[in-house]
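Ready to work through some exercises on a protein model? Take a look at the sequence and the structure first, then try each task before you read its solution.

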Amino acid sequence: MLVLDATVVNVALPRIDADLGFGPAALSWVLNAYTLAFGGLLLLGGRLGDVRGRRRLFLLGLGLFTLASLLGGLAQSPTQLVVARAAQGVGAAMAAPSVLALLTTNAPDEAARNRALALFGAVSSGGASIGLVLGGLLTDVASWRWTLFINVPIGLAVLLLTPRFVSETPRREGRFDVVGALTATVGAASVVWALVGAPEHGWLSARTLGVLLLGALSIALLVRTERRHPHPLVRPSLLADRRRVAALGVMGLVVAGQLSMFFLTVQYTQRALGMGPLATGFAFLPFSVGIFAMSRLTPSLLARHGAGRLIPVGAALLLTGFVLLSRVSETSTYATGVLPSMVLSGIGGALVFMPVTATVLSGVEHEHAGSASGLLQTVQQLGAAVGVAIVASVYAVGAQAGSFVPGARAAYLTSATFAAIALVIALAALARTRRGSAPAPEVEAEQVPVPDLAA
C-alpha cells in the first residue's frame, strides 16, 4: 500500500487538475510531496523503530498514513491535497522500515526469512505497477478521490490485525542521535527535492545546485557525526562491507531504471497508442504478474545458486527489456512494442530485488535492522527520484512537437544505461558471492516465530 501510493494517483492527475485547479506547475506536487516526505524521513523512521519498538512505530506510521489518505480524498483545494500527501509520506517513512525489519527479525529460520523477503520484494516492486492499474480503474469507474480512499479500509484492517499476528520488539537503551536525525532528514530531503525539480528548473539552475549543495553538506555532517556518536542513526559499519555497498548501488540503479521506464511507458501508451487510463494501467499487468510469479521461485533459486548469480541475470533481463522499448515507433503495437519488455522486466526485477535485499540485511544485528532497512529504502527513493529526473531531462532534449517517440528513444536508452551500470557492479562486486552467502542473522532468544508467510 505504501509503495502503491507513489503511483496510484499518476493516471488520475488530469482529473485532479480539472477538479481542484492546480495548474501545470503545481500539479507535480501531488506526487512530489509524498516522495519528498517519504524519502527524506526514512532513515529517521528506521532508527526510531530500532529504539522505540518497531511494531509500535509501524502502527503509528500506518495510522497517520490512513488518516492522511482519508483527508486527501476529502480535499477541496490544492493546498489541502498537497499537505495530505506530505502527511502520507511522513506516515510511510515511519512504517516502511519497520515492515522489513519485523519480517527479518521475526522469521524463525533462514528459509522463512527468504520467503518473506521474496514476498516483500514482490509487493514493493509490483506495487508501483499495480498502482497504475488500480488508479486507472478507480478514476474511470468512480473518482480520483478513491485513489486515496482505497487506503482507508486496508489501513484499518492492518491496524486491527497487526497486534494479533506480529510481536513487538524491545526498546533499546541509549541516547538518541538528534544531530544525525536532523542532518539525515535535511540531506535526503534536499537531494530528493533538487532532483524532482531539476527537469522543470534546469540542472544548472541556482535552485537545483543550491539545494544539492545543501544536501551534500548535510550528508557530510551526517558522516562526521555518525563516526563519533555512541548511538549513531546510521552505523558506519553498515557501509564498511563492500558487498552491502554494491548491493545498495544495484538497488538504486535498478529502481532508477524501472521507475523511469514507468514514467515513459505511461505516456507512450496514452499518447502514441491512444490508450485510456484504465487500459494504460492494465498494460503494466504482465510486469506485476512476472514479479509475483517469480517471487515463489526466487527463494529456492537463491538457496541453490546464491545472490551473486541471480542478481546479474536479473539486471541483464532488465537491460534487455529497456533496450527493446527504445525500438518502439509510432506504428508499434502494444503486443510488439511493450509486452515483451514488461515480461522481461517483471522477471528480471524479481531476480534482483529479493537477493539484493537479503545481501543488504545479511549479518546486520537485530537491534540495527531498522536502520539497515531505512538505508535500503532511502536508496530506493533516491534511485526513483534520480531516474525520473534524468530521464525526463533526456526526453525533453530530444522531444519533437506532436510526436512522443523521438525523445522517448534516447530516454529509454537512459533507463537501459542504469540497468547496464547495475549489471557491471553486480558482476564486479557480487558475482563471486558464495552460494547461499546471504544468511539470516542469528535468531535472538526474544524472537517469537510468525506464521509461514508463503504458506
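Below are six exercises, each with a worked solution.

A quick note before you start: this is a predicted model, where local features need pLDDT of at least 70, side-chain atom pairs count only at pLDDT 80 or more, and totals for chains, interfaces and linings use all residues. Residues are numbered from 1 along each chain as its sequence is written, and side-chain values use heavy atoms, with hydrogens and water left out.

**Exercise 1. Aromatic pairs**

Task: Work out what kind of aromatic pair F262 and F284 form.

Solution:
- Start with the rule: rings of Phe, Tyr and Trp (its six-membered ring) pair if their centres lie within 6.5 Å, and planes under 30 degrees apart count as stacked, over 60 as edge-to-face and the rest as tilted.
- That rule gives five aromatic pairs.
- For F262 and F284, the centres are 5.1 Å apart and the planes are at 75 degrees, so the pair is edge-to-face.
- Next, place the two rings: F262 sits in helix α11 (residues 242-272), and F284 is in the loop between α12 (277-283) and α13 (285-295). They are 22 residues apart, and the pair links distant parts of the chain. Helices here (H or I, at least four residues) are DSSP runs, numbered from the N terminus.
- Now check burial, where buried means under 20% relative accessible area, exposed over 50% and partly exposed in between (1.4 Å probe, protein chains only). F262 has 4%, so this ring is buried; F284 has 0%, so F284 is buried as well.
- Elsewhere, ring pairs join Y34, F38 and F65 into a cluster.

**Exercise 2. How α9 meets α10**

Task: Find out how the axes of α9 and α10 are arranged.

Solution:
- Axes are lines fitted to C-alpha atoms, for helices over the stretch in contact, and angles run from 0 to 180 degrees between N-to-C directions.
- α9 (residues 178-201) and α10 (residues 206-228) have axes that come within 8 Å and cross at roughly 155 degrees.
- Angles under 35 degrees count as roughly parallel, over 145 as roughly antiparallel, 65 to 115 as roughly perpendicular and the rest as oblique. The two helices are therefore roughly antiparallel.
- For handedness, a crossing is left-handed if the near helix is turned anticlockwise from the far one by less than a right angle, and right-handed if clockwise. α9 passes α10 in a left-handed crossing.
- The contact residues are 13 nonpolar, 10 polar and two charged. Here Ala, Val, Leu, Ile, Met, Phe, Trp, Tyr, Cys and Pro count as nonpolar, Asp, Glu, Lys and Arg as charged, and the others, Gly among them, as polar.

**Exercise 3. How α3 meets α9**

Task: Do the same job for α3 and α9, and say which residues meet.

Solution:
- α3 (residues 29-52) packs against α9 at about 150 degrees, with the axes 8 Å apart. That makes them roughly antiparallel.
- The crossing of α3 past α9 is right-handed.
- Contact means heavy atoms within 4.5 Å. On the α3 side, W29, L36 and G40 are among the residues that meet α9, whose own contact residues include A181, A188 and W193.
- Sorted by class, this contact has 12 nonpolar, five polar and no charged residues.

**Exercise 4. S69 and N151**

Task: Find where S69 and N151 lie, and what each one touches.

Solution:
- S69 lies in helix α4 (residues 54-73), and with 0% relative accessible area S69 is buried.
- Beyond four places in sequence, S69 contacts Q88, L148, F149, N151 and V152.
- S69 and A87 are 18 residues apart in sequence, with their C-alpha atoms 8.6 Å apart.
- N151 belongs to helix α8 (residues 151-165) and, at 1%, is buried.
- Using that sequence cut, N151 touches M1, D5, F65, T66, S69 and Q88.

**Exercise 5. T357 and L248**

Task: List the contacts of T357 and L248 beyond four places in sequence.

Solution:
- T357 is in helix α16 (residues 334-361) and is buried at 2%. T357 contacts L100, L117, M251 and L376.
- L248 is in helix α11 and is buried at 6%. L248 touches L239, V360, L375, L376 and V379.
- L248 and T378 are 130 residues apart in sequence, yet 9.8 Å apart from C-alpha to C-alpha.

**Exercise 6. A396**

Task: Decide whether A396 is buried or exposed.

Solution:
- A396 is in helix α17 (residues 369-398).
- The relative accessibility of A396 is 53%, so A396 counts as exposed.
- A396 and A408 are 12 residues apart along the chain, and 9.0 Å separates their C-alpha atoms.
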